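Thanks for making the time this morning. I would like to walk you through one chain, beginning with a single residue and working outwards, so please have the model open.

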Amino acid sequence: PGIFRLSGVLTDPQFQVVIRALSQIKGAKLSSLPSLTMPSGAPARFTLPKDQGDADLSLRAIMGIDGYTLDMTVAIPSPDKNPAKQLNPSATIWDGQTLMIGGPIIEDKKGNHSRLIFITANIIDPMGVPVKK
C-alpha cells in the first residue's frame, strides 16, 4: 500500500508525446534539474526540490562496450525515509533515450501525489562532442 513503481525506456519522440500529455493535465507540475556531465561509472547525485519530495536521487551510468548503450542504476529514497520503499530501478538504454521512473507516492498536507522522473542520457566524447549524430 502506498507504493507505486513504474519504469520504462522512451525514444525522444515518445518522450515528447508524454511531456505534452502531462503538460495538459490540470494540476500537473513539470520541472527540470540541471544537466550533468559525468564519466562512465562515476556516481552522480541530484537533489529534488522540497515541493517534489526533497530527496537525493543517486545515478550511476556505465557505458556499454559498444559505445552506444548505457547501463543505468538509479536510487530514489522514499519520501518517508523508509528503506523498504526506496526505488532502485536499473535499465540498459541507447544513447539519446530517456529512462522513465514513476513513484514513490508523496504524501503531504495537500494529499497524495505521484511522481514521474525522466532521465535522458547523451554520450559525449572526451572533447564534449555528442557521439550520436
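Let me begin with a question: does Ala44 count as buried or exposed? Ala44 has a relative accessibility of 9% and therefore counts as buried, where buried means under 20% relative accessible area, exposed means over 50%, and partly exposed lies in between, with a 1.4 Å probe and protein chains only as cover.

Before I go further, a word on the source: this is a predicted model, in which local features need pLDDT of at least 70 and side-chain atom pairs count only at pLDDT 80 or more, while totals for chains, interfaces and linings use all residues. Residues are numbered from 1 along each chain as its sequence is written, and side-chain values use heavy atoms, with hydrogens and water left out.

Ala44 belongs to strand S2; helices (H or I, at least four residues) and strands (E, at least two) are DSSP runs, numbered from the N terminus. Setting aside residues within four places in sequence, Ala44 is in contact, meaning heavy atoms within 4.5 Å, with Leu36, Met38, Leu57, Ser58 and Leu59. The C-alpha atoms of Ala44 and Leu59 are 5.1 Å apart, although 15 residues separate the two along the chain.

Ala42 sits in the loop between helix H1 (12–23) and S2, and, with 21% relative accessibility, Ala42 counts as partly exposed. Its contacts beyond four places in sequence are Leu59 and Arg60, and the C-alpha atoms of Ala42 and Arg60, 18 residues apart along the chain, are separated by 6.1 Å.

Now to the charged pair. How many salt bridges does a search of the whole structure find? The search finds 1, taking a salt bridge to be a side-chain nitrogen of Lys or Arg within 4 Å of a carboxyl oxygen of Asp or Glu. Asp56 and Arg45 form a salt bridge, with the closest N and O atoms 3.8 Å apart. This pair links distant parts of the chain, since Asp56 is in strand S3 and Arg45 is in strand S2 (residues 43–47), 11 residues apart. Asp56 is partly exposed at a relative accessible area of 31%, whereas Arg45 is exposed at 56%.

Arg45 also has a polar contact with Ser58, side chain to side chain, at 3.0 Å; a polar contact is a pair of N or O atoms within 3.5 Å, where within protein one must be able to donate a hydrogen and the other to accept it, and residues adjacent in sequence count only if both atoms are side-chain atoms. Ser58 is found in strand S3 and, at 19% relative accessibility, counts as buried. Beyond four places in sequence, Ser58 is in contact with Ala44, Arg45, Thr73, Val74 and Ala75.

Ser58 also stands opposite Ala75 in S4, which takes us to the pairing of strands. S3 and S4 pair in the antiparallel sense over 6 bridges, two strands being paired if DSSP finds at least two bridges between them. Their hairpin has 5 residues between the strands, and there Gly67 takes a positive phi near 80°. S4 is also joined to S5 by 5 bridges, again antiparallel, with Thr69 opposite Trp94 in S5. As for accessibility, S4 is mostly covered, with 5 of its 7 residues buried.

What, then, is the largest nonpolar core? The core has 19 residues, and those with the most contacts inside it are Leu57, Met72, Val74, Ile101 and Ile119. The elements that give two or more residues to this core are strands S3 (56–63), S4 (69–75), S5 (90–94), S6 (98–102) and S9 (116–120). By nonpolar core I mean a set of buried Ala, Val, Leu, Ile, Met, Phe, Trp, Tyr and Cys residues joined through side-chain atoms within 4.5 Å. In soluble globular proteins, nonpolar side chains tend to be buried together. Outside its neighbours up to four places away, Val74 touches several residues, including Leu57, Leu99, Ile101 and Ile119.

One polar detail belongs to S6: Thr98 lies in that strand, is buried at 0% relative accessibility, and makes a side-chain polar contact of 2.6 Å with Thr120.

To close with the whole chain, the secondary structure comes to 1 helix and 9 strands, in the order β-α-β-β-β-β-β-β-β-β along the sequence. Of its 133 residues, 32% count as buried.
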